[in-house]
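Let's take a walk through a protein structure together. Keep the 3D view open and turn it as you read.

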Amino acid sequence: MTKFALSPDREKHVEEILSRYPNRQAACIPVLHLCQEQNGWISDEVVEWVAARLGLSAAHVKGVVTFYTLFNKEPVGKHQVWVCRTLSCALRGADDILHHCEKRLGIHVGQTTKDGKVTLRTAECLASCGTAPMIQVDKDYYENLTTAEVDRILDRLIK
Amino acid sequence: MLRQTTYLTKRYGVPEGWTLPVYERDGGYQQAKRALSMPREALVEEMKAANIRGRGGAGFPMGVKWSFMPWPPKPEKPHYLVINADEGEPGTFKDRTIMELDPHAVVEGCIIGCFGIGAHAAYIYVRDELHLSKARLWGAIKEAREKGYLGAKPFGIDYPVEVYVHTGAGAYICGEETSLLNSLEGKRGEPRLKPPFPAQAGAFGMPTTVNNLETIAAVPVALAMGGDAFSKLSDLHDQKDGGCRLYGVSGHVNKPGVFEACVGLTLRELIYDLGGGVKGGELLGVIPGGSSCPILRPDETVNAPDPKSPLHRWHGKNVLDVPMGVETYRALGTMLGTCCAIVLNKNTDIVLAMHNLMRFYRHESCGQCTPCREGSAWLFRILDRMVHGEATMEELDRLHEIADNIMGNTICAFGEGTAMPALGFLRKYRKEFEEHVRTKGKSGTGRLAL
Ligand SMILES: Cc1cc2nc3c(=O)[nH]c(=O)nc-3n(C[C@H](O)[C@H](O)[C@H](O)COP(=O)(O)O)c2cc1C
Ligand code: SF4
Ligand code: FES
């Protein structure tokens with residue numbers, strides 16, 4: 001397995017992140033985000049690299065990674081689709097949206113399509129309850145959804 | 001009483017409303033400039049007079065919180081301002097609108113806040129999913145810095161201030177302030193035992209004030225108006241619950257959304273006047289301020305014969321007609337919380353609603369305290385059996401016991417935030433739950449959506 005290292009421009013960003021805090025540990029979560037952006041998930045190599053870069057123990061970094069749901073502990077699809085299923089969304093049809101996604105993608109929640117393009121997940125309240133139901137695709141929110149719009153969104157991802 | 005205002009939402013819907021030129025056209029940053037040349041005590045007094053009750057859920061008076069910071073600051077113990085924009089409480093979606101549509105109000109509030117508490121750095125902790133919010137905040141910070149409103153000498157005044165955005169990584173518990181501080185420090189977001197309180201030992205072990213994002217965004221407005229005048233916008237000024245604030249309404253209403261109004265708005269006004277009324281029929285219940293607030297039934301009547309009760313004025317009235325305030329709602333046995341209501345109509349399966357929320361709490365418990373970790377898991381497990389028509393009456397009663405056992409036995413308020421709404425559902429809809437168990441689930445509609 002190849003050793004992990006951040007790309008030069010992301011590495012520059014690390015310096016800027018470090019300048020925001022009185023100690024290096026505080027950069028842990030932002031730097032993990034940078035790494036995940038590049039690598040797609042947080043492998044043991046990434047953990048080792050972050051630990052060395054910030055002067056932390058690998059156990060500390062691993063502990064952080066396992067605490068937060070947004071750090072991927074294994075490889076995921078090229079795109080992440082998150083369906084919010086908490087109460088405000090559920091009251092406006094989130095369950096139907098979720099089943100629709102499962103059918104359309106031919107996978108269950110937590111799975112990735114065979115071509116590796118899309119991972120389907122559920123999310124807890126994404127602060128978008130007034131425009132429910134909603135899904136998040138990678139960094140974008142799609143709100144006030146109908147199943148027809150979900151189709152359009154998913155088709156763009158899987159084509 | 002319904003009085004809509006536009007102090008906090010003036011730039012919502014304005015083209016480029018999140019940029020510095022638009023903000024300055026509306027008088028932006030003049031209050032920060034003014035604050036930095038005020039005596040600190042005068043600023044804090046002004047903020048106390050504004051009676052801004054924390055908008056993050058607990059409703060603590062903001063000015064009083066600022067005054068808890070050790071004074072004068074010691075050079076070896078820098079103070080920090082930390083802004084809570086984790087916005088994870090189910091049903092809550094107000095802070096996000098401010099970050100996206102009026103980020104400069106946040107930055108200006110941070111400058112004033114830093115000065116008020118003796119800090120030179122503010123961290124805005126934003127949940128990671130809110131990418132547009134983070135971008136808008138960073139954009140505002142950049143614009144302000146380029147203009148010389150942040151940095152070594154804001155407005156040419158010798159009081160350095162820096163503002164940073166920090167991101168979480170998906171954990172509801174990081175909204176709890178001590179968990180948030182751990183997360184800011186690059187640790188697992190597990191809540192800390194209190195004391196010490198953040199004002200003594202907060203971020204990086206230093207004296208820290210944690211304010212909710214809407215709380216800090218209200219500061220420039222309150223200062224411009226004058227604390228007392230701001231407070232008197234409210235119908236509950238006499239209860240020290242002042243100003244105007246954002247209200248959200250979601251679920252079964254015709255026009256869900258975020259609205260700004262003076263404090264003192266009633267739930268009926270929020271649902272029917274602002275929210276456009278209940279969608280698809282009659283009201284079953286309302287969760288008033290985020291999922292941790294016990295549900296209210298529309299047929300409840302206020303019982304407050306004692307003239308000293310904050311509810312006395314509304315004695316005998318319907319709960320929906322009580323002004324939404326920190327004290328009034330506490331006296332009703334629920335909480336104002338984040339002021340974002342979730343509306344359930346008569347076709348809602350109440351067992352499924354509770355099941356949905358208890359799944360959330362089971363998922364989000366950080367696991368440090370046994371009563372919370374095990375309790376939230378058991379609550380969900382029994383409800384799951386109930387939904388599948390498998391639960392017994394004994395198990396229904398056990399739900400009470402489990403919730404009772406969480407109360408008061410945990411490190412942080414997540415425990416109560418799970419147990420209190422659970423008990424609310426069970427007590428107020430006892431008949432429905434019993435029916436559900438007796439009929440093996442057939443009495444419910446089996447649906448949450450219309
Ligand atoms: C489980 C839990 C989650 C919380 N989530 C949030 C949140 O997302 N945003 C927030 O501002 N406050 C949240 N709080 C409240 C904070 O602990 C704290 O009281 C608040 O940020 C203080 O700011 P304020 O006084 O301006 O409201 C939460 C509390 C608990 C117990
Ligand atoms: S009450 Fe729950 S969330 Fe809070 S510290 Fe204990 S286990 Fe964690
Ligand atoms: S419940 Fe889905 S965004 Fe809040």
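We'll start with one chain as a whole, zoom in on a helix, and then move to a ligand and some cysteines.

One thing to keep in mind from the start: this is a predicted model. Begin with chain A, which has 159 residues. How many helices and strands does chain A have? Counting them up gives seven helices and four strands. If you trace chain A from its N terminus, you meet the elements in the order α-α-α-α-β-α-α-β-β-β-α. So much for the order; what about the space they take up? Along the principal axes, the C-alpha atoms of chain A fit a box of roughly 50 × 35 × 25 Å. Of the residues in this chain, 56% count as buried. Now look at the contacts in chain A between residues at least 6 apart in sequence: 59% of these link residues that are at least 24 apart.

Next, zoom in on helix H3 of chain A, which covers residues 44-54. Which of its residues are buried? They are Val46(A), Val47(A), Trp49(A), Val50(A), Ala51(A), Arg53(A) and Leu54(A). A bit of background helps when you look at a list like that: an α-helix has 3.6 residues a turn, so residues three or four places apart point the same way. And what do the buried residues of H3(A) pack against? Their partners are three helices of chain A: H1 (8-18), H2 (28-39) and H4 (58-67). Right after H3(A) comes Gly55(A), and its phi is positive, near 70°.

Now swing over to ligand 2. The space this ligand takes is the largest cavity. There are 13 residues around ligand 2, and those that come nearest are Cys366(B), Gln368(B), Cys369(B), Cys372(B) and Cys412(B). Sort the shell by type and you get eight nonpolar residues, five polar ones and no charged ones.

With so many cysteines in sight, you might wonder about disulfides. How many does the structure hold? Over all chains, the number is zero. Take Cys174(B), which is in no disulfide: the nearest cysteine sulfur belongs to Cys366(B) and is 9.3 Å away. Cys174(B) is also buried, with a relative accessible area of 1%. Why is Cys244(B) not bonded to Cys262(B)? Because their sulfurs are 6.1 Å apart, which is too far for a bond, and Cys262(B) holds the closest cysteine sulfur. Cys244(B) is buried as well, with a relative accessible area of 0%.

Notes: Residues are numbered from 1 along each chain as its sequence is written. Chains are lettered from A and ligands numbered from 1 in the order in which they are written. This is a predicted model: local features need pLDDT of at least 70, side-chain atom pairs count only at pLDDT 80 or more; totals for chains, interfaces and linings use all residues. Side-chain values use heavy atoms; hydrogens and water are left out. A residue is near a molecule or strand if one of its heavy atoms lies within 4 Å of it. On a 1 Å grid over the protein atoms alone, a cavity is a set of points where a 1.4 Å probe fits but cannot get out, and a pocket is an open set with protein on both sides within 12 Å along at least five of seven lines; lining residues have an atom within 4 Å of a point. A molecule sits in a cavity or pocket if more than half of its atoms lie within 2 Å of its grid points. Ala, Val, Leu, Ile, Met, Phe, Trp, Tyr, Cys and Pro count as nonpolar, Asp, Glu, Lys and Arg as charged, and the others, Gly among them, as polar. A disulfide is a pair of cysteine sulfur atoms within 2.5 Å. Buried means under 20% relative accessible area, exposed over 50%, partly exposed in between (1.4 Å probe, protein chains only). Helices (H or I, at least four residues) and strands (E, at least two) are DSSP runs, numbered from the N terminus. Contact means heavy atoms within 4.5 Å.
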